[in-house]
Amino acid sequence: MKAAGASGSQGLEGSGKTSTAFIANPWMSDFVSDWSPMHDAAFHGRLLVLDKLINQGCNVNLITADGVSPLHDACLGGHQACANVLLKHGAKVNDASIKWHTPLFNACVSGSLACVNLLVQHGASPNSACDLASPIHEAAKRGYTECVEALVSHGANLQLNVKDLGTPLYLACKNQKVECAKKLLELGANANDGKNLDSNLHLAAKNCNIDLVNLLIDFGADSMARNADGKRPAELVPPDSTLAQMFSKREGPLSLKQLCRLCIRKYIGHKCHLRITELLLPKELKDFLLFR
């Protein structure tokens, strides 16, 4: 697909023999008419073309009408090598589009751990200026566990509760990304913090996800909590289902061993995963506190 007004554009060498096709970005919801050859090369990972354009004097911080830079597109395409070249030539690492999407947010859309690590090494903020474009929420929603872990290790707030999104854990549960939910819990996310009165356990129960329900209860989710309709998680599942039977078995007080583990983790705080590994304790006890 050619962008509007692109048909009359001259080739890179200016010979007039060929025209440059400004291909619309398939990852963007809006049609952008000024998507340049720089954006095209960055998004498609054409490193040699990108390098040539930069050497010819193209601006690495050229933006579209939507505020999208070539670095945004390199990260959206998951092309670490292109992102690296752009950063070395002065690309702005924290610039946001009109939708508040930063290059780091886009790296979390594509699930590129290499781009995430590269950006934070060049000073990218793990916490967005706009909560609705939070990188850790995006990574959690898509189940990119390694990206989530990298973001938290660089200071991302894994307890950030956004009004219209909830917590990163809530989004992982909503999209049934069990491994990502487990990693967030291991890193110190509160099992009970969801979205308003809708807890993560309510969400897992509505989705009839037994693995997620068991995981959340293991990490201290309150099975007696009531949502906005006054219902407990167990009241959201079919009465005679396997999940209903599981809820009936697991309702009631936690074991003393489980309570001790949860209390210690709560006392240590949201960086419990890192801090527990540094404690002068036997490996068996560390593994127990880390749910290994």
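Leu281 sits in the loop that joins helix H15 (272–278) to helix H16 (283–289). This is a predicted model, and every value below is computed from it. Leu281 has a relative accessible area of 32% and is partly exposed. Together with Leu279 and Leu285, Leu281 makes a nonpolar surface patch of about 200 Å².

**Loops with a positive phi**

Most residues other than glycine have a negative phi. Gln176 is a residue other than glycine with a positive phi, near 55°. Cys208 also has a positive phi, near 55°, and is not a glycine. Each of the two residues is in a loop between helices, as the table shows.

| Residue | Loop between | Relative accessible area |
|---|---|---|
| Gln176 | helix H9 (168–174) and helix H10 (178–186) | 37%, partly exposed |
| Cys208 | helix H11 (200–206) and helix H12 (210–218) | 42%, partly exposed |

A positive phi is also found at Gly111, which follows helix H5; the value there is near 75°.

**Annotated repeats**

An unreviewed UniProt entry carries the annotation "repeat: ANK" for residues 33–65, 66–98, 131–163, 164–196 and 196–228. In the model, residues 164–196 are 48% helix and 0% strand, and the C-alpha atoms at the ends of this span are 9 Å apart. Residues 196–228 are likewise 48% helix and 0% strand. The end C-alpha atoms of residues 196–228 lie 8 Å apart.

**A buried arginine**

Arg232 is in the loop between H12 and helix H13 (242–250). Is Arg232 buried or exposed? Arg232 has a relative accessible area of 16%, and because the cut-off for buried is under 20%, Arg232 counts as buried. Apart from neighbours within four places in sequence, the residues in contact with Arg232 are His202, Ser223, Met224, Ala225, Arg226 and Glu251.

**A covered helix**

Helix H5 runs over residues 103–110 and is mostly covered, with eight of its eight residues buried. Which residues of H5 are buried? They are Pro103, Leu104, Phe105, Asn106, Ala107, Cys108, Val109 and Ser110. In an α-helix there are 3.6 residues a turn, so residues three or four places apart point the same way. The cover over the buried residues of H5 includes helix H3 (70–76), helix H6 (113–121), helix H7 (135–142) and helix H8 (145–153).

Terms used:
Residues are numbered from 1 along each chain as its sequence is written. This is a predicted model: local features need pLDDT of at least 70, side-chain atom pairs count only at pLDDT 80 or more; totals for chains, interfaces and linings use all residues. Side-chain values use heavy atoms; hydrogens and water are left out. Helices (H or I, at least four residues) and strands (E, at least two) are DSSP runs, numbered from the N terminus. Buried means under 20% relative accessible area, exposed over 50%, partly exposed in between (1.4 Å probe, protein chains only). Patches are made of residues with over 30% relative accessible area and no salt bridge: like charges are joined within 9 Å, nonpolar side chains (Val, Leu, Ile, Met, Phe, Trp, Tyr) within 5 Å. Accessible areas come from the Shrake-Rupley method with a 1.4 Å probe; for residues, only the protein chains shown count as cover. A salt bridge is a side-chain nitrogen of Lys or Arg within 4 Å of a carboxyl oxygen of Asp or Glu. UniProt positions are given in the numbering used here, feature names are shortened, and annotations may be inferred rather than shown by experiment. Contact means heavy atoms within 4.5 Å.
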